[in-house]
Amino acid sequence: MSSTVTGPPPYPQYEEPKQDRVTRFIQRRWRDSPVWVAPAAMMVCMAGAVGYTFVTSPTEANAGAAPSCLLKYATGFICPGCGGTRAAWYLLHGDVPAAARHHALFVFAVPFLLYMYFAWAGRRLFGWKVPQLSLSPGVIGTFIAAWGVFSVLRNLPWAPFTAFYV
């Protein structure tokens with residue numbers, strides 16, 4: 001007596017999703033573009049941010065000066081990124097303690113972000129064998145959690161948390 005099983009398989013067959021026109025266009029452009037385009041585009045964006053920071057001198061702006069943080073302007077609360085532009089300005093001028101006073105986590109993250117960019121761009125453009133800094137989901141989650149705690153603490157109106165207020 002033989003038993004034969006007929007019917008559908010116990011699990012549905014996976015079908016590759018069809019890509020929309022926008023995704024196909026972007027992937028085709030990425031595949032056909034020269035290898036230097038992505039590092040150059042990121043460098044242009046970073047240069048624009050550095051140039052903006054140098055030109056505007058954000059340390060001299062008052063609370064209502066444009067561009068102002070809409071969250072702080074509307075609610076009075078300090079957003080998670082508040083003080084980042086001023087911290088960048090102080091870093092660009094070599095004043096690390098003042099930069100850390102305005103946004104300590106930004107100052108902590110900058111060396112890692114710069115290393116990750118130059119290691120990636122060096123490998124992509126020149127084939128350098130620079131060790132890549134890979135961050136596990138746990139490290140990223142811990143950093144985001146620390147940023148969230150920092151954001152809450154800097155909004156508390158009593159000492160010692162008032163030292164975080166910018």
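Before I start, one definition: contact here means heavy atoms within 4.5 Å. I will need that when I come to what covers helix H4.

The structure above is a predicted model. The protein chain has seven helices and zero strands, so if you read along the sequence, the pattern is α-α-α-α-α-α-α. Of its 166 residues, 18% count as buried. The accessible surface is about 12600 Å², and 69% of that belongs to carbon and sulfur atoms. For contacts with a separation of 6 or more, 53% are between residues 24 or more positions apart.

Next, the annotation. The unreviewed UniProt entry marks residues 34-55, 103-121 and 133-153 as "transmembrane region". Such annotations may be inferred rather than shown by experiment. In the model, residues 34-55 are 86% helix and 0% strand, with end C-alpha atoms 32 Å apart. For residues 103-121 the figures are 95% helix and 0% strand, and the end C-alpha atoms lie 27 Å apart.

Now to helix H4, which covers residues 84-92. Which of its residues are buried? They are Gly84, Ala87, Ala88, Trp89 and Tyr90. The cover over these buried residues includes helix H2, residues 37-56, together with H5 and H6. After H4 comes Gly94, with a positive phi near 80 degrees.

H4 also takes part in the largest nonpolar core, which has six residues: Ala87, Trp89, Tyr90, Ala98, Ala99 and Val107. H4 and helix H5, residues 96-102, each supply at least two of these. The most comes from H4, with three residues. One member of the core, Val107, is in contact with Ala87, Leu91, Val96, Ala99 and Ala100, leaving aside neighbours within four places in sequence.

Let me move to His103, in the loop between H5 and H6. Is His103 buried or exposed? His103 counts as buried, because its relative accessibility is 2% and the cut-off for buried is under 20%. Not counting residues up to four places away in sequence, His103 touches Pro80, Gly81, Cys82, Gly83, Gly84, Ala87, Trp147, Phe150 and Arg154. Take Cys82 from that list: Cys82 and His103 are 21 residues apart in sequence, and their C-alpha atoms are 7.4 Å apart in space.

On the surface, there is a nonpolar patch. Phe108, Phe112, Tyr115, Leu133, Leu135, Val139, Ile140 and Ile144 form this patch, with about 710 Å² of accessible area together. Which helices each supply at least two of its residues? Those are helix H6, residues 104-126, and helix H7, residues 137-153. Leu135, also in the patch, is found in the loop between H6 and H7. Leu135 counts as partly exposed because its relative accessibility is 40%, and partly exposed lies between the 20% and 50% cut-offs.

One last residue, Val37, has its place in helix H2. At 31% relative accessibility, Val37 also counts as partly exposed. Its C-alpha atom is separated by 9.7 Å from that of Leu125, and the two residues are 88 residues apart along the chain.

To recap: the chain has seven helices and zero strands, H4 gives three residues to the largest nonpolar core, and H6 and H7 each supply at least two residues of the nonpolar patch on the surface.

Key:
Residues numbered from 1 in each chain as written. Predicted model: local features only at pLDDT ≥ 70, side-chain atom pairs only at ≥ 80, totals over all residues. Heavy atoms only, no water. Helix = DSSP H or I, 4+ residues; strand = E, 2+ residues; numbered from the N terminus. Patch = residues over 30% accessible without salt bridge, like charges linked within 9 Å, V, L, I, M, F, W, Y side chains within 5 Å. Areas by Shrake-Rupley, 256 points an atom, 1.4 Å probe, with all protein chains shown as cover. Salt bridge = Lys/Arg side-chain N within 4 Å of Asp/Glu carboxyl O. Buried < 20%, exposed > 50% of the residue type's maximum accessible area, 1.4 Å probe, protein only. Core = buried A, V, L, I, M, F, W, Y, C linked by side-chain atoms within 4.5 Å.
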